[in-house]
Amino acid sequence: MRRAGDPPRRRFRRGVALLPSLFTVANLFWGYACIVYAMRGEYETAAPFIGIAIVLDMLDGRIGRLTGTASDFGVEFDSLADVISFGVAPAILSFAWGLSSLGRLG
């Protein structure tokens with residue numbers, strides 16, 4: 001309930017609530033693309049994808065807070081994207097680039 005003297009609240013359209021999740025999906029996409037290119041042996045192409053994922057990860061949280069659309073699902077979805085983009089992708093990239101030539105030792 002609003003009081004008569006309260007200023008009107010800014011209401012965002014329904015589509016704005018999807019914006020942080022779209023940035024998280026983009027973050028997840030670039031992490032997955034890094035994995036694919038690293039497995040192909042295209043390391044120069046795969047490495048910058050982690051940097052792009054970093055930028056998108058910073059933006060999704062900031063946009064979620066600015067628009068007031070942060071949710072429990074968004075937090076968990078962002079954590080999943082972080083595991084892929086900053087855990088699995090760098091590990092596969094470093095293994096494929098530096099350790100796979102060592103055979104069983106790598």
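**Figure 1. Asp 78 and its surroundings in the predicted model.** Helices are DSSP runs of H or I that hold at least four residues, and they are numbered from the N terminus. In this numbering, Asp 78 belongs to helix α3 of a model that is predicted. When the neighbours within four places in sequence are left aside, the residues in contact with Asp 78 are Thr 24, Asn 27, Asp 57 and Asp 60. For one of these partners, Asn 27, the separation from Asp 78 is 51 residues in sequence, while their C-alpha atoms lie 8.7 Å apart in space.

**Figure 2. The whole chain, as a setting for the close-up views.** Three helices and zero strands are assigned to the chain, which gives the pattern α-α-α when the sequence is read along its length. Of the 106 residues in the chain, 24% are buried. Among the contacts in the chain with a separation of 6 or more, 78% are made by residues 24 or more positions apart.

**Figure 3. Ser 85, a buried residue of helix α3.** Ser 85 is found in helix α3, and it counts as buried because its relative accessibility is 1%, where the cut-off for buried is under 20%. The side chain of Ser 85 is joined to that of Asn 27 by a polar contact of 2.8 Å. With residues up to four places away in sequence not counted, Ser 85 touches Asn 27, Leu 28, Gly 31, Ile 50, Ala 53 and Pro 90. Asn 27 thus links this view to that of Asp 78, since Asn 27 is also among the residues in contact with Asp 78.

**Figure 4. The largest nonpolar core.** In soluble globular proteins, nonpolar side chains tend to be buried together. Here the largest nonpolar core has nine residues, namely Ala 33, Cys 34, Ile 35, Ala 38, Ala 46, Phe 49, Ile 50, Ala 89 and Leu 93. At least two residues of this core are supplied by each of α1, α2 and α3, and α1 provides the largest share, with four residues. One of the core residues, Ile 50, is also touched by Ser 85.

**Figure 5. The largest pocket and its lining.** Rolling a probe the size of a water molecule over the atoms shows where empty space is left. The largest pocket has a volume of about 240 Å³, and its lining consists of 14 residues, among which Pro 20, Asp 60, Ala 70, Gly 74 and Val 75 lie nearest the centre of the pocket. Two or more lining residues come from each of α1 (19-40), α2 (43-67) and α3 (72-99), and the element that gives the most to this lining is α2, with four residues. By residue class, the lining of the largest pocket is made up of four nonpolar, seven polar and three charged residues. Asp 60, which is one of the residues nearest the pocket centre, is also in contact with Asp 78.

**Figure 6. Leu 22 and Ser 21 in helix α1.** Leu 22 lies in helix α1 and counts as exposed because its relative accessibility is 54%, exposed being over 50%. Leu 22 and Leu 56 are separated by 34 residues in sequence, and by 9.7 Å in space from C-alpha to C-alpha. Ser 21 also has its place in helix α1, but at 24% relative accessibility this serine counts as partly exposed. Its C-alpha atom is 9.7 Å in space from that of Ile 63, with their positions 42 residues apart in sequence.

**Figure 7. Gly 51 in helix α2.** Gly 51 lies in helix α2 and counts as partly exposed, because its relative accessibility is 34% and this class falls between the cut-offs for buried, under 20%, and exposed, over 50%. The C-alpha atom of Gly 51 is separated by 9.8 Å from that of Phe 86, a residue 35 residues apart from Gly 51 along the chain.

Methods
Residues are numbered from 1 along each chain as its sequence is written. This is a predicted model: local features need pLDDT of at least 70, side-chain atom pairs count only at pLDDT 80 or more; totals for chains, interfaces and linings use all residues. Side-chain values use heavy atoms; hydrogens and water are left out. On a 1 Å grid over the protein atoms alone, a cavity is a set of points where a 1.4 Å probe fits but cannot get out, and a pocket is an open set with protein on both sides within 12 Å along at least five of seven lines; lining residues have an atom within 4 Å of a point. Grid points are joined across faces, edges and corners, and a volume is the space filled by probe spheres set on the points. Ala, Val, Leu, Ile, Met, Phe, Trp, Tyr, Cys and Pro count as nonpolar, Asp, Glu, Lys and Arg as charged, and the others, Gly among them, as polar. A nonpolar core is a set of buried Ala, Val, Leu, Ile, Met, Phe, Trp, Tyr and Cys residues joined through side-chain atoms within 4.5 Å. Buried means under 20% relative accessible area, exposed over 50%, partly exposed in between (1.4 Å probe, protein chains only). A polar contact is a pair of N or O atoms within 3.5 Å; within protein, one must be able to donate a hydrogen and the other to accept it, and residues adjacent in sequence count only if both atoms are side-chain atoms. Contact means heavy atoms within 4.5 Å.
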